[in-house]
Amino acid sequence: MKLSKKTNVGLTVALVAVAAVVITLLDLKIIGSTYVTNIIKLSAIYALVGVSMNLVNGFTGLFSLGQAGFMAIGAYVVAMLTTDPAGRAGIYYVVPINPVLEQIQIPFPVALILGGLVAAGLAYLIGAPILRLKSDYLAIATLGFSEIIRVVLSNNELAPFTNGSLGLKNVPSFSSMWKDLGLPGNGLWLCLGIVALCIAIVVLLINSSYGRAFKAIRENEVAAEAMGINLAHHKQMSFAIGAFFAAIGGGLLAAHLTAIDPNQFKIALTYELLLIVVLGGLGSITGTVLGAFVYTAGKEWLRWCDNPLTIGGVEIPIFRSGLRMVIFSILLMVIVLFYNRGLMGTSEFSWNGIYGTLRRWIGKVTGKIRKEAKQ
Amino acid sequence: MDLTTFFQSCVTSVSIGSAYALIAIGYTMVYGILRLINFAHGDIFMMAGYFTIFAMSNFMLPWYVAIPLVLAMTALLGVVIERIAYKPLRSAPRMSIMISAIGVSFFLENFATYLFTGLPKSFPGIGFLQIPMEWGSVKLQSVSIITPIVTIVLVVALMTLVNKTKIGMAMRAAAKDFETAQLMGIKINRVISFTFAVGSVLAAVGAILYFSPRPMVYPYSGMMPGLKCFVAAVLGGIGSIPGACIGGFIIGAVETFLVAMFPTLSGYSDAFTFVLLILMLLVRPTGLLGEKMTDKV
Amino acid sequence: MRRILALAMSCVLVLGILAGCGNGNSSGEGGSDGEKVIKVGVFECTTGENGGGGQLEVNGIKYANQIKPTVKIGDEEYKVELVISDNKSDKSEAANAASYLVNEGCSIVLGSYGSAVSIAAGSVFKEAEIPAIGCSCTNPQVTLGNDYYFRVCFLDSFQAKVLAYYAIEQGYTKAAVLTQVGDDYSIGLGQFFQEYFVEFGGEIVSSQSFPANNSDYSALLQNVKSSGAQCVFAPSSITAAPVILQQAQSLGLEAVFMGPDTWDNADMINTAEGGAAGCTEGLICSTFFDDSGDDVADFVNGYKEAFETDTVNVVTALGYDAYMAAIQAIEAAGSTDGNAIRDALTGVSFTGVTGPIAFDQNGDVAKDSAVLKTASGGKLVYADTVTVTDVQ
């Protein structure tokens, strides 16, 4: 049995409304704290990058591990172009800033899109040759590409622009931008709004003819080509769009942290994102979003493991620094081993799904009770 | 670049290259059979470093007792990891097993941090590896000579094992076609365990030879060598043991000579490794000695 | 089975998240047994790439907490509770770790080792109006433009200046510089050293950099050797330094090695000596802290006993001083309020184990001298003290 369309829409509207109220309350600091909003912001940003990675890996079937590099591009474009020009000389204290760059300041949304376009352009260019590679070879090539970006950013040759290894700081934060607009609150809406908008665009894209072509390529390249899909073009498109949104995510990360440096964009970041994507379910957008929140919040939740724990006056010796990450990695392994299709598999969140699961459970329970009653 | 620099660089590149080669073989063997990039291999290498420290510095064992013990421990670690983290996922999508590998790598790094703290531990000196030598104006330690010799001996032994013995034949069969091999009565799990054991032993030998002249072990010390050796394996043609060996030497040589010839570009040496890799993949998508794969329709 | 496990796990996670959100501000008033508690946050990297250094700093803070476990606010005795939050040496984690401390209701924060994470956390503390005292984050950007960040260590530029001055004093005119790409500490020091060395009349004959986790330095060192440098300034982490020193020795490089405060580490020297005896002989490093001085004997011996170790690192001493500065400020402020403590910090003045502690208007410590140590017979010994007036 399925829920009627009306119920479906109703439930969705209700969920969105509840979420909106909660977000507004959080943003106005009526409930929660900066800690909670910070976790939500970071999760949302990871969710966006995860979705971009899912588009390439889960929907197009291209095994790409270059997300960290594209994020770096987005983050750097935003950090270089949106900071207050007055404070820039103090930031570039080792190698003086390029005099042209020093004068330029553009609004955050423009910088965000510019960063995305730069990354997408670069992805499109390198996509032409490297997307010919298959599976793992593509993975290692994109991984290498992302490392190359990081190494170039951290070296001194581009330092008048990127400040080399020293990184950039004083990026306007969400809350300062939000307050500049004269709005109440601390900018949680700004971050979540951009993320939601971007994810919505990806969802629309996946459901368009492009998206169907991507899925066809994932299922079977040869068959897709036989059906008249231009493989090279579509792969490049998917790769470039993925890079675009990864760079937007990077730009948001720069605004969230207000400071960036090249070391943030190591391969470890790509691995984390891949974990998020697979944790949520490769090929499921809602799964990725869920995965990002579970991953980020789970890591924070375990923070108590790092501090000494006393139960009934006895200090338990294993609770010391580092335990948090050990437990976290064990939990991850458990999920991977027992849930190897991820939390959502390839299916999307739907009320029908929840309804179906609930009915099954209730059915089981009532069935048991009935059985017991019979005996 | 003068002649001394040139010869010095040759010695360095051969020495580091052969250590890379040993680690790269582990990647290539596992990939050959399971089609799995074993991201945890670099961390197995790191753990071998810690095992050596424990055996020699904490338990004060002499090197001839410690080294076999370390090799055995590392082999055991490799086999246990395979049993716990990879075996249950045999029939799962390929991505899951790779994620499992990343998970294991996370776990080993975090666990090492928890147990040994993030402070680097000093690797014990092994006497016979540290004899200073001089050859004309080129100065070196005995480890620079021993490493390539050990590597060559081990690679020859491994090739014999793979090509001449029964288990080697089983390994080749499993690499060719996993399911058919299983149907032909090959105990596939035993073959895989054996592969992991061999790969881990080589990583342990690599660790001893690598850490001896670079005596700092810390929880992340396996990351960069691991990545580079993986690149080496891909460069040489993943799945091919001689390929991995050649790949290791190439990476070692490129790294050393780039710095020797262009000191101003020294900061880019990691990037250069990857540029080389991407170029190689574009020209020969399966690496130097890799087999050509065809799509099945 | 799987379903049950999954259900259990998701329940645990959801509960945990709720619990995480639930325990809000609880500082200031009332511990479990009616005792008043003030929370001091320790924002440190106890894991991750800088995990080692961070751990040493935490030890210093913990030791200081043992020495001075309570603080008098007004007329009441408050127990000082340390809340340790690990930033994993990672910027993305740093913002969360910092806001965790804010959420826990800390009145003041100490740390971190590594400037990058401190910079990222700076804005969180600033927004929450909680002062922070950096222990060993030497990057000028940490305190610049942030009224809430202070530090007890001197800056990269001062350290580099001292070393450049000392090198010239020793009669070296040709220097080589080796820096680590991607490490702001190393790059900053290297750049400042080059500037000052040239300013003082020397010549930089070779300037090279190497990537993090580099496996071989002999090519770089060979270049240094052929450049004819008399001294080599190699600001690097304790993982890289022993390898550099050993390989330099096996190449027969005779130039004198100079290092920053990270090199003031007995373990590092021992490791390097263990692989190649004599390779550290004559190296010079600048530091904040002379552990052989009479006035710090209490601290040094006490710490060694408490932590069952035979070495005291400079970052440990800095952690100790940062804690003591925090306690002084809390007492002076007579309040647990962040702003009051911040205002009080500007007036703090005492002699710590790393020298006189007082903060200038930037929040940087107004230290006027650096200690230089040299390695002799596999041990670091006091060589010289260079003061600000010397280098001007």
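Here are a few worked exercises on the structure above.

This is a predicted model, where local features need pLDDT of at least 70, side-chain atom pairs count only at pLDDT 80 or more, and totals for chains, interfaces and linings use all residues. Residues are numbered from 1 along each chain as its sequence is written, while chains are lettered from A and ligands numbered from 1 in the order in which they are written.

**Exercise 1.** Work out whether B:Val217 is buried or exposed, and find what it touches.

Solution. Start with the address: B:Val217 sits in strand E4 (residues 216-217) of chain B. Strands here are DSSP runs of E with at least two residues, helices are runs of H or I with at least four, and both are numbered from the N terminus. Next, count the crowd. B:Val217 is buried because 26 other C-beta atoms lie within 10 Å; the cut-off for buried is 20 or more, with exposed at 12 or fewer, partly exposed in between, and C-beta atoms placed from the backbone. Then list the contacts (C-beta atoms, placed from the backbone, within 7 Å). Neighbours within four places in sequence aside, the partners of B:Val217 include B:Met46, B:Gly49, B:Tyr50 and B:Phe211. Take B:Gly49: it is 168 residues away along the chain, yet the two C-alpha atoms are separated by 6.4 Å.

**Exercise 2.** Describe the side of chain C that touches chain B.

Solution. First the head count: 33 residues of chain C contact 37 residues of chain B. Now see which elements chip in. Those supplying at least two residues on the chain C side include helix H2 (51-67), strand E8 (203-210) and helix H7 (218-227) of chain C. H7(C) gives the most, with six residues. Finally, sort by chemistry: nine nonpolar, 22 polar and two charged. For that sorting, Ala, Val, Leu, Ile, Met, Phe, Trp, Tyr, Cys and Pro are nonpolar, Asp, Glu, Lys and Arg are charged, and the others, Gly among them, are polar.

**Exercise 3.** Pick apart the hairpin of E14(C) and E15(C).

Solution. Strand E14 (residues 369-376) and strand E15 (residues 379-387) of chain C pair antiparallel over eight bridges; pairing takes at least two bridges found by DSSP. For one bridge partner, look at C:Ala370, which matches up with C:Val386 in E15(C). Then check the turn: two residues lie between the strands, and C:Gly377 takes a positive phi near 60°.

Methods: Contact = placed C-beta atoms within 7 Å.
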